[in-house]
Amino acid sequence: MEVTDIGNKEEGKVWHRKPTPGKSVLVTVVRTAQQAKTVRFLHVAFDTTGDSFLAGDHHGNIYVFDISRNRFRLVQKTGQACTALAFSLRRTTEFLVALADYTIKCFDKDTKQLVSWMRGHEGSVSSISVHSSGRYAISTSSDTAQLWDLDTFQRKRKLNIRQSVGIQRVFFLPLSNTILSCFSDDSIFAWESDMLICKYQLPVLDCGPKISYKAFAVTRDGKSLAAGGRSNLLHLWCLDSKQLIRVIQMPTQVRTVRQLEFLPDSFDGGASQALGVLSQDGLMRFINIHTCKLLFHMGSHDDAITSAAVSPNGRHVVAIMDNGSINVYSVQSLTQEVNKPPPSQVAVVSGGGADDQDLSNVKVKVRSEVVQRPAKSLGRRTQVKVLRPPAGSTAEDKENELPAGLNKKRLVALLKAFGEYPAKYRMFVWRSLLCLPENHAAYSSLTDKGLHSAYLALNDKYPIKSHKLQRGLQRVLSAFAHWAAIFGEVEYLPLVAFPFVKLFQNNPMLCFEVVATVIVNWGQHWFEYFPNPPLNILSMVENVLAHHDKELLQHLVDCGITSQLYVWPLLETLFSEVLTRDEWLRLFDNIFSNHPSFLLVTCVAYITCCREPLLLCSQKQDFEYFFHHRNNLDLGAMIKEAYRLMCSTPADIHPRTMLSDFTPLTKGQYPVFNHYPQFIVDYQSREREKIRLQEMEYRRERQEVSAMHADFVRRQAKEETYYAQQELLQKAEEQRRNILAQEEEKLTQQRAKLAAMKRELKVKELQLLDETKRRFLKHQQDLRASQVQRLDLEISRKMALRERETAAAVQDLEVRQMELEAQRRRLEQHLFKEQERMGREVEEETEVRMRRAEQEDDRYGELLHCTETNTQVLQESLAEACQLGLDSDWQREVAERLQKVDAEQEKKRERLAELHRQTLAEEQRLADTVRDVAGRKWDEVMSSRAHLQEQQLSRSTADKDGQKLTGVRSLCSTRGPPPRASGTTAVNVGSSAAGPAVRHNSATSPKQAGTNMVCLNSSSPSESTATNFSLDRGRAQLDSSERQLLKEVRELRQKLAARAREGSSASSQSVLTLSSVSP
């Protein structure tokens, strides 16, 4: 057998090695979380194919196991434990999950998305049944069943029942629209799913042993129903004839049937013959319902099965084991196993009787492996077949066996291992441990007597917020008072019963029997000293405490604290005041699993575990508070201490020797309870009855006095009403007389008012005529005023139009100015180009002359070489002397010309600056005039004018620089290259003679710097003058265009002033100012 631990994996293989043929268990799946703690699987469900199944664990994880593909996958994490699983038959990827918060959710296993969320249950959902069409689903809880539409996920119908009758299961029949509902009173109803009309009811067996149906199974064709419960009998019903056709008796080891499942077969046509029966011993036995032969079984006592699911194809069975793991069984391997359980014993029931439901006179004959048919008879009979394996049990097993099929020894081992019973099965375990008889008839006879007089005013003394809980507590206490008279006098009985009432509030009969069992066994000798606390019980606890902790007992004695203060509060409330709900349940798991003396030892354990805080207390109020409120206590340590005290307490003071062993309640009727002083209870009952009668008499007398007082008050009210009416009549008569007098006076006043009104009307007529005249005149005035207003509006419109035209003219002027500016720039560019062209021509001419001079020098040198040497030397000397004289004269002449040119250029610049200043003054005056006429609208024009001035200033500066550059170029054009030296000696002389002159010129004028580095062989200075004249001519053209622009601006302003003079008298002064300013 292979074991697969899926751990925290989200997907993987189910088994890593292919299962060996012939093995019944294919694989065992477990899941371990942190610290190697096993997470239990709770429910499984197959899909329609039978190849994959769902499994939900205790942590809320939902897995899909695909057996055919050997894969598993985590499809959802719900965060809470599931209570039921089912696949949706219409949409195969969707499945339904019932959770612990009483809701049902639909998920998609492929997308892992939440499809819908269904709410409506108030209790845990125990099963989900899906219709064969996949359209509807039924969810069942203990108190209701609800029909859901899986297309809209809305609730269609809800089945409500009485509180006393619980629902066992509600499910769809295969291949039909019939719903079967099974209740706790063994009644089974069939309903039409569309209209929810009751089709039929299966007959309820009035005679024979009561089974208390808990488990149901239906064949695939929907014709047979198997039912089982708290018995080893199985009932097989035919749903077509609505009759019980067979009763099958399982072996004696089977005392309770937990689950029934039919095993499908491919060749049976849906009429399944193999039925799986899961019993309380953890074994699932498959039998043939026709031959009653045991086919095979699954599980064992050591590896018990808690629930199982059979695949629709009948190939596999998935079982959840007692340890929380999942076993996957192969049905083929199970049927081929050789090691079978012992052969079953079949008993044939034969007996005559006309009633087919009478099972009391059945005669059973048991023969091993022999099936005998009953003799034919004219009457109808029910066949009972018994499966009995070899019987054999020890005395210890009988002692540990419990009525519900549990084993006390195993339960105690489970309790010691986990510290508590599973919360889901706690109530079931308690019922088994306490051996509750479930005497419905006896309890009904007690409740039929109604509320006891001692608890009619229970709400005044013990107010409870929940009315349901209050009524339940009142009914249970009244049943106790009717059972034994002392319970109507015990004041602490509500404290004892309240935690159980709260725990079993949906089943008051079980609550009554649990409390009664606790009182009979764990409350032994409590009422011997009634109405005082049980001093004998308190003495037992005190003796045990004295043996184990003398110091603590001495401290309590020194503080004056008796056992009635530190033991009795724990006993009378059964620890419900000092423990939380979960701690209280854990404690009573251990109390119910041990001897009745364990409760007294637990009191000692509680006191010793709280030893340190108790030693610090010294006041009585502190002790009272301590034993009536919750304290910080480790319950596990207290329970361990209790077990230690149970084992280490000497026998002479051990409570076990003074208390009897556990004795369950008797079946049929409850036992007689008379362990109390009868005379005291009778006396108190008589006194209570006497007080009740006196109270009733007092109430009757009080009612009579109240009635008399009410009658007196009513008569007094009538008299007061009569006198009040008389006074009102007199007052009314006086008021009427006063009203008549007032009316007469009003009439006179009205007549005088009428005459005055006539006069007023005449006056008003005259006033109306005057008002009409005034209104007409006012109307004429309004007409004229409106005409004047229209004229004003027209004038203002025209003025606005003129202002817009003025603004447009200004804009046109600005555009024209921009055009002139662009034209000026083009002219400047043209002038620059002309200057560059003329400069290039001068340079070219200079180069030509230099080449000519060089050619003449060359020719002159050639002629000189032809003369004689002596003559040549003399001529060279003479030429050098002449050249030096010429150079000095030429340099003086150049300096004089430069001074003249500079003086002329300075005069021109002064004249240009003067003209520029005059232009700026004229523009300033013109700007002031325009600002006076146009106001704010000319600010933009002035800003543009200021920008133009800045451009002109920069342009004038550029012109100056250009003039300087032109002067330099003209000077360069007038200079020529020096003559070449004819010999070495001439060169030296020339250089020494020309040096001082050059230095003198460079020092006299800074503008002549660099004259030593330019050519000075220019023949005429006229070219420089011509260049200066061309620049002046371009400047004159620019000035003339600027003057023309100013003239056009003046003319435009004169036109605008003339128009403004015609439109408004207010602007006349501005027009005069404009005319006076304009030339």
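**Two sheets and two buried residues**

Let me start with strand S18, residues 188-192, which pairs with S19 in the antiparallel sense over four bridges. I should say at once that what we are looking at is a predicted model, and I will keep to what can be read from its coordinates. Within this pairing, Ala190 has Tyr200 as its bridge partner in S19.

If we step back from that pair, the two strands belong to an open sheet of four strands, ordered S16-S17-S18-S19, in which the pairing is antiparallel. At its edges stand strand S16, residues 167-172, and strand S19, residues 198-202, and because each of these has a single partner strand, one side of each is left without a neighbour in the sheet. On average, and with direction ignored, neighbouring strands of this sheet are turned by 15° against each other.

The second sheet I would like to show is also open; it has five strands in the order S1-S3-S30-S29-S28, and here the pairing is mixed. Its edge strands are S1, residues 2-5, and S28, residues 305-310, each of which pairs on one side only. From one strand to the next, the twist averages 20°. As a reminder of what holds for such arrangements, strands of a sheet pair through backbone hydrogen bonds, either parallel or antiparallel. At the S28 edge, five bridges join S28 to strand S29, residues 316-321, and these two run antiparallel, with Ala308 standing opposite Ala319 in S29.

Let me now turn from strands to single residues, beginning with a loop. Which strands does the loop that holds Asn70 connect? Asn70 is found between strand S6, residues 61-66, and strand S7, residues 71-77. Asn70 counts as buried because its relative accessibility is 16%, and the cut-off for that label is under 20%. The side chain of Asn70 reaches the backbone nitrogen of Val14 at 3.1 Å, and, leaving aside residues up to four places away in sequence, Asn70 touches Gly12, Lys13, Val14 and Trp15.

My last residue is Thr517, which lies in helix H9, residues 508-522. Is Thr517 buried or exposed? With a relative accessibility of 0%, Thr517 counts as buried. Again not counting residues up to four places away in sequence, Thr517 touches Leu434, Leu436, Trp522, Phe662 and Leu665.

To close, I would ask you to keep two places in view as you turn the model: the S18 and S19 pair, with its four antiparallel bridges, and Asn70, whose side chain reaches the backbone nitrogen of Val14.

Conventions
Residues are numbered from 1 along each chain as its sequence is written. This is a predicted model: local features need pLDDT of at least 70, side-chain atom pairs count only at pLDDT 80 or more; totals for chains, interfaces and linings use all residues. Side-chain values use heavy atoms; hydrogens and water are left out. Buried means under 20% relative accessible area, exposed over 50%, partly exposed in between (1.4 Å probe, protein chains only). A polar contact is a pair of N or O atoms within 3.5 Å; within protein, one must be able to donate a hydrogen and the other to accept it, and residues adjacent in sequence count only if both atoms are side-chain atoms. Contact means heavy atoms within 4.5 Å. Two strands pair if DSSP finds at least two bridges between them. Axes are lines fitted to C-alpha atoms, for helices over the stretch in contact, and angles run from 0 to 180 degrees between N-to-C directions.
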